[in-house]
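User: I would like a close look at a single part of this model. Please keep to what can be read from the structure.

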Amino acid sequence: MKTARKLIIGILKLVAALLLLVVVLGFASLISHKALMITGGIIAASAFAVIFSKDAAATKTNKAIASVVFVLAALMAFGGYVEGQKEQKRIAALRATDPAAYLLEIEESDPDLWLAELEQLDPEAYQAEMARRAQEAAEAAARQREQEERERRAEAARQEAERRAAEAKREADRRAAEAAAALERAQALAPRRITGAYVGCMTKAALDEFVTAASNNDLRQIQALTSTTCTSIEGLEYSIVDRGWMTSQIRVYGNGTSAVLWTVSEALKSGQ
(Lines give C-alpha, C1' and ligand atoms only; values in the text may rest on other atoms or scores of the structure.)
Protein backbone atom coordinates (compact mmCIF):
# COMPACT_ATOMS: atom_id res chain seq x y z
CA MET A 1 0.00 0.00 0.00
CA LYS A 2 2.77 2.40 0.93
CA THR A 3 4.74 1.49 -2.19
CA ALA A 4 1.72 2.18 -4.42
CA ARG A 5 1.21 5.52 -2.73
CA LYS A 6 4.83 6.50 -3.32
CA LEU A 7 4.52 5.41 -6.93
CA ILE A 8 1.44 7.58 -7.48
CA ILE A 9 3.13 10.55 -5.86
CA GLY A 10 6.20 10.03 -8.02
CA ILE A 11 4.07 9.85 -11.17
CA LEU A 12 2.25 13.04 -10.22
CA LYS A 13 5.57 14.82 -9.62
CA LEU A 14 6.83 13.63 -12.97
CA VAL A 15 3.69 14.80 -14.77
CA ALA A 16 3.91 18.19 -13.06
CA ALA A 17 7.61 18.52 -13.96
CA LEU A 18 6.93 17.58 -17.58
CA LEU A 19 4.03 20.02 -17.86
CA LEU A 20 6.19 22.81 -16.45
CA LEU A 21 9.01 21.82 -18.80
CA VAL A 22 6.70 21.87 -21.82
CA VAL A 23 5.33 25.28 -20.89
CA VAL A 24 8.73 26.86 -20.29
CA LEU A 25 10.39 25.39 -23.36
CA GLY A 26 7.34 26.05 -25.52
CA PHE A 27 7.42 29.71 -24.51
CA ALA A 28 11.16 29.86 -25.23
CA SER A 29 10.63 28.30 -28.67
CA LEU A 30 8.14 31.03 -29.51
CA ILE A 31 10.85 33.60 -28.87
CA SER A 32 13.62 32.05 -30.94
CA HIS A 33 15.64 28.91 -31.52
CA LYS A 34 18.46 30.48 -29.54
CA ALA A 35 16.19 31.12 -26.56
CA LEU A 36 15.03 27.49 -26.73
CA MET A 37 18.62 26.26 -26.80
CA ILE A 38 19.69 28.43 -23.86
CA THR A 39 16.61 27.67 -21.74
CA GLY A 40 16.87 23.91 -22.44
CA GLY A 41 20.56 23.97 -21.59
CA ILE A 42 19.93 25.70 -18.23
CA ILE A 43 17.17 23.24 -17.30
CA ALA A 44 19.30 20.27 -18.36
CA ALA A 45 22.24 21.53 -16.30
CA SER A 46 20.00 21.99 -13.26
CA ALA A 47 18.55 18.47 -13.66
CA PHE A 48 22.06 17.07 -14.09
CA ALA A 49 23.08 18.68 -10.78
CA VAL A 50 20.10 17.02 -9.04
CA ILE A 51 20.96 13.62 -10.51
CA PHE A 52 24.46 13.63 -9.07
CA SER A 53 23.63 15.54 -5.90
CA LYS A 54 24.56 13.97 -2.54
CA ASP A 55 21.95 16.04 -0.69
CA ALA A 56 19.54 13.97 1.43
CA ALA A 57 16.61 15.83 -0.15
CA ALA A 58 17.59 14.40 -3.55
CA THR A 59 15.70 11.10 -3.20
CA LYS A 60 15.68 8.35 -5.78
CA THR A 61 12.31 9.54 -7.00
CA ASN A 62 13.55 13.11 -7.44
CA LYS A 63 16.66 11.88 -9.23
CA ALA A 64 14.54 9.73 -11.54
CA ILE A 65 12.34 12.72 -12.37
CA ALA A 66 15.47 14.85 -12.86
CA SER A 67 16.82 12.22 -15.25
CA VAL A 68 13.69 12.40 -17.40
CA VAL A 69 13.78 16.19 -17.32
CA PHE A 70 17.48 16.18 -18.19
CA VAL A 71 16.95 13.97 -21.23
CA LEU A 72 13.98 15.98 -22.53
CA ALA A 73 15.58 19.36 -21.86
CA ALA A 74 18.84 18.29 -23.48
CA LEU A 75 16.95 17.04 -26.52
CA MET A 76 14.98 20.27 -26.77
CA ALA A 77 18.17 22.32 -26.40
CA PHE A 78 19.87 20.25 -29.06
CA GLY A 79 16.81 20.61 -31.26
CA GLY A 80 16.93 24.38 -30.79
CA TYR A 81 20.59 24.34 -31.74
CA VAL A 82 19.92 22.25 -34.87
CA GLU A 83 16.99 24.44 -35.90
CA GLY A 84 19.09 27.52 -35.29
CA GLN A 85 21.82 26.19 -37.52
CA LYS A 86 19.28 25.35 -40.22
CA GLU A 87 17.80 28.83 -39.94
CA GLN A 88 21.23 30.43 -40.23
CA LYS A 89 22.00 28.35 -43.31
CA ARG A 90 18.63 29.22 -44.84
CA ILE A 91 19.15 32.91 -44.18
CA ALA A 92 22.68 32.75 -45.59
CA ALA A 93 21.41 30.96 -48.72
CA LEU A 94 18.57 33.47 -49.08
CA ARG A 95 21.05 36.31 -48.78
CA ALA A 96 23.15 34.83 -51.57
CA THR A 97 20.31 33.93 -53.92
CA ASP A 98 17.62 36.56 -53.29
CA PRO A 99 18.96 39.65 -51.47
CA ALA A 100 15.63 41.50 -51.77
CA ALA A 101 13.70 38.69 -50.06
CA TYR A 102 16.45 38.40 -47.44
CA LEU A 103 16.27 42.10 -46.64
CA LEU A 104 12.49 41.98 -46.48
CA GLU A 105 12.61 39.07 -44.02
CA ILE A 106 15.04 40.64 -41.57
CA GLU A 107 13.63 44.16 -41.77
CA GLU A 108 11.07 43.64 -38.99
CA SER A 109 13.03 41.19 -36.83
CA ASP A 110 16.34 43.08 -36.72
CA PRO A 111 16.20 46.68 -38.04
CA ASP A 112 19.85 47.40 -37.22
CA LEU A 113 21.04 44.31 -39.12
CA TRP A 114 18.69 45.19 -41.98
CA LEU A 115 20.22 48.66 -42.31
CA ALA A 116 23.77 47.29 -42.23
CA GLU A 117 22.92 44.61 -44.81
CA LEU A 118 21.07 47.14 -46.97
CA GLU A 119 24.26 49.19 -47.16
CA GLN A 120 26.17 46.12 -48.35
CA LEU A 121 23.60 44.61 -50.71
CA ASP A 122 21.82 47.66 -52.14
CA PRO A 123 23.87 50.87 -51.74
CA GLU A 124 21.37 52.94 -53.73
CA ALA A 125 18.46 51.84 -51.56
CA TYR A 126 20.64 52.49 -48.52
CA GLN A 127 21.35 56.05 -49.65
CA ALA A 128 17.65 56.59 -50.33
CA GLU A 129 16.79 55.24 -46.87
CA MET A 130 19.33 57.45 -45.17
CA ALA A 131 18.08 60.45 -47.17
CA ARG A 132 14.52 59.61 -46.12
CA ARG A 133 15.56 59.35 -42.49
CA ALA A 134 17.48 62.61 -42.73
CA GLN A 135 14.42 64.26 -44.29
CA GLU A 136 12.18 62.92 -41.53
CA ALA A 137 14.66 64.09 -38.90
CA ALA A 138 14.80 67.55 -40.51
CA GLU A 139 11.00 67.73 -40.67
CA ALA A 140 10.73 66.60 -37.05
CA ALA A 141 13.30 69.22 -36.03
CA ALA A 142 11.40 71.87 -38.00
CA ARG A 143 8.14 70.87 -36.30
CA GLN A 144 9.87 71.01 -32.96
CA ARG A 145 11.22 74.48 -33.70
CA GLU A 146 7.77 75.63 -34.83
CA GLN A 147 6.23 74.24 -31.67
CA GLU A 148 8.86 75.94 -29.53
CA GLU A 149 8.34 79.20 -31.44
CA ARG A 150 4.56 78.98 -30.89
CA GLU A 151 5.10 78.32 -27.22
CA ARG A 152 7.58 81.20 -27.02
CA ARG A 153 5.11 83.56 -28.69
CA ALA A 154 2.28 82.36 -26.48
CA GLU A 155 4.42 82.92 -23.40
CA ALA A 156 5.46 86.36 -24.64
CA ALA A 157 1.82 87.24 -25.32
CA ARG A 158 0.84 86.03 -21.85
CA GLN A 159 3.59 88.09 -20.23
CA GLU A 160 2.62 91.13 -22.30
CA ALA A 161 -1.02 90.71 -21.27
CA GLU A 162 0.02 90.45 -17.64
CA ARG A 163 2.23 93.52 -18.02
CA ARG A 164 -0.58 95.52 -19.59
CA ALA A 165 -3.03 94.36 -16.93
CA ALA A 166 -0.59 95.36 -14.18
CA GLU A 167 0.03 98.70 -15.90
CA ALA A 168 -3.71 99.28 -16.27
CA LYS A 169 -4.21 98.47 -12.60
CA ARG A 170 -1.43 100.85 -11.59
CA GLU A 171 -2.96 103.55 -13.76
CA ALA A 172 -6.41 102.92 -12.30
CA ASP A 173 -4.97 103.02 -8.78
CA ARG A 174 -3.14 106.26 -9.61
CA ARG A 175 -6.28 107.87 -10.98
CA ALA A 176 -8.30 106.70 -7.98
CA ALA A 177 -5.66 108.15 -5.65
CA GLU A 178 -5.65 111.42 -7.59
CA ALA A 179 -9.44 111.55 -7.50
CA ALA A 180 -9.45 110.87 -3.76
CA ALA A 181 -6.80 113.55 -3.21
CA ALA A 182 -8.73 116.02 -5.38
CA LEU A 183 -11.91 115.28 -3.45
CA GLU A 184 -10.07 115.77 -0.18
CA ARG A 185 -8.62 119.07 -1.37
CA ALA A 186 -12.00 120.18 -2.61
CA GLN A 187 -13.57 119.29 0.69
CA ALA A 188 -10.78 121.09 2.51
CA LEU A 189 -11.20 124.20 0.34
CA ALA A 190 -14.98 124.14 0.32
CA PRO A 191 -16.52 126.65 2.81
CA ARG A 192 -18.05 125.09 5.89
CA ARG A 193 -21.11 126.64 7.48
CA ILE A 194 -22.83 126.22 10.80
CA THR A 195 -26.16 124.65 9.95
CA GLY A 196 -27.81 124.53 13.38
CA ALA A 197 -29.06 127.09 15.93
CA TYR A 198 -25.72 127.47 17.70
CA VAL A 199 -24.02 130.43 19.32
CA GLY A 200 -20.43 131.54 19.57
CA CYS A 201 -18.96 133.43 22.51
CA MET A 202 -15.92 135.63 22.83
CA THR A 203 -14.61 133.67 25.81
CA LYS A 204 -14.92 130.11 27.00
CA ALA A 205 -16.32 131.34 30.29
CA ALA A 206 -19.09 133.18 28.46
CA LEU A 207 -19.86 130.01 26.49
CA ASP A 208 -20.06 128.01 29.73
CA GLU A 209 -22.46 130.62 31.18
CA PHE A 210 -24.61 130.41 28.03
CA VAL A 211 -24.73 126.62 28.16
CA THR A 212 -25.74 126.78 31.84
CA ALA A 213 -28.44 129.37 31.12
CA ALA A 214 -29.77 127.25 28.24
CA SER A 215 -29.88 124.19 30.50
CA ASN A 216 -31.78 126.21 33.17
CA ASN A 217 -34.05 127.84 30.57
CA ASP A 218 -32.89 131.22 31.91
CA LEU A 219 -34.12 133.42 29.06
CA ARG A 220 -33.01 136.69 30.65
CA GLN A 221 -29.43 135.47 31.05
CA ILE A 222 -29.47 134.11 27.50
CA GLN A 223 -30.65 137.52 26.24
CA ALA A 224 -28.00 139.30 28.29
CA LEU A 225 -25.20 137.11 26.95
CA THR A 226 -26.32 137.37 23.29
CA SER A 227 -26.39 141.14 23.67
CA THR A 228 -22.82 141.32 24.97
CA THR A 229 -20.34 138.45 24.56
CA CYS A 230 -22.27 135.79 22.57
CA THR A 231 -23.97 135.80 19.18
CA SER A 232 -25.78 133.41 16.86
CA ILE A 233 -23.45 131.75 14.35
CA GLU A 234 -26.08 129.84 12.37
CA GLY A 235 -25.34 129.98 8.63
CA LEU A 236 -21.91 131.57 9.05
CA GLU A 237 -18.80 130.20 7.38
CA TYR A 238 -16.05 129.08 9.74
CA SER A 239 -12.62 127.49 10.05
CA ILE A 240 -11.38 125.52 13.04
CA VAL A 241 -8.83 127.13 15.32
CA ASP A 242 -8.76 124.54 18.09
CA ARG A 243 -11.04 121.50 18.23
CA GLY A 244 -11.88 120.16 21.71
CA TRP A 245 -13.98 117.35 23.09
CA MET A 246 -16.88 119.46 24.40
CA THR A 247 -16.00 122.97 23.18
CA SER A 248 -13.95 124.26 20.27
CA GLN A 249 -12.49 127.57 19.14
CA ILE A 250 -13.41 128.67 15.61
CA ARG A 251 -13.04 131.64 13.34
CA VAL A 252 -16.31 132.78 11.82
CA TYR A 253 -16.56 134.93 8.70
CA GLY A 254 -19.24 137.43 7.68
CA ASN A 255 -19.59 140.83 6.01
CA GLY A 256 -15.92 140.87 5.09
CA THR A 257 -14.77 140.44 8.69
CA SER A 258 -13.88 137.53 10.96
CA ALA A 259 -13.86 136.80 14.65
CA VAL A 260 -12.53 134.04 16.89
CA LEU A 261 -15.31 132.57 19.02
CA TRP A 262 -15.92 129.66 21.35
CA THR A 263 -18.73 127.22 20.56
CA VAL A 264 -19.78 123.71 21.42
CA SER A 265 -17.99 121.04 19.37
CA GLU A 266 -21.35 119.68 18.27
CA ALA A 267 -21.77 122.76 16.07
CA LEU A 268 -18.76 121.71 14.01
CA LYS A 269 -20.31 118.35 13.20
CA SER A 270 -23.31 120.08 11.73
CA GLY A 271 -21.11 122.01 9.31
CA GLN A 272 -19.13 119.03 7.90
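How many disulfides does the structure hold, and what surrounds the cysteines involved?

Analyst: This is a predicted model, and the structure holds one disulfide. The bond joins C201 and C230, whose sulfur atoms lie 2.0 Å apart. The pair links distant parts of the chain, with C201 in strand 2 and C230 in strand 3 (residues 230–232), 29 residues apart. The angle about the S-S bond is 105 degrees, and the link is right-handed. C201 and C230 are both buried.

The surroundings of the bond are nonpolar. C201 and C230 belong to the largest nonpolar core, which has 10 residues in all. The other members are V199, A206, L207, F210, A213, I222, L225 and W262. Three elements give two or more residues each to this core: strand 2 (199–201), helix 7 (204–215) and helix 8 (219–228). Helix 7 supplies the largest share, four residues. In soluble globular proteins, nonpolar side chains tend to be buried together.

L225 shows how one core member is placed against the others. Leaving out residues up to four places away in sequence, L225 touches A206, E209, F210 and C230. Of these contacts, A206, F210 and C230 are also listed in the core. L225 is thus in contact with C230, one of the two cysteines of the disulfide.

In short, the cysteine pair ties strand 2 to strand 3, and both of its residues are buried as members of the largest nonpolar core.

Terms used. Residues are numbered from 1 along each chain as its sequence is written. This is a predicted model: local features need pLDDT of at least 70, side-chain atom pairs count only at pLDDT 80 or more; totals for chains, interfaces and linings use all residues. Side-chain values use heavy atoms; hydrogens and water are left out. A nonpolar core is a set of buried Ala, Val, Leu, Ile, Met, Phe, Trp, Tyr and Cys residues joined through side-chain atoms within 4.5 Å. Buried means under 20% relative accessible area, exposed over 50%, partly exposed in between (1.4 Å probe, protein chains only). Contact means heavy atoms within 4.5 Å. A disulfide is a pair of cysteine sulfur atoms within 2.5 Å.
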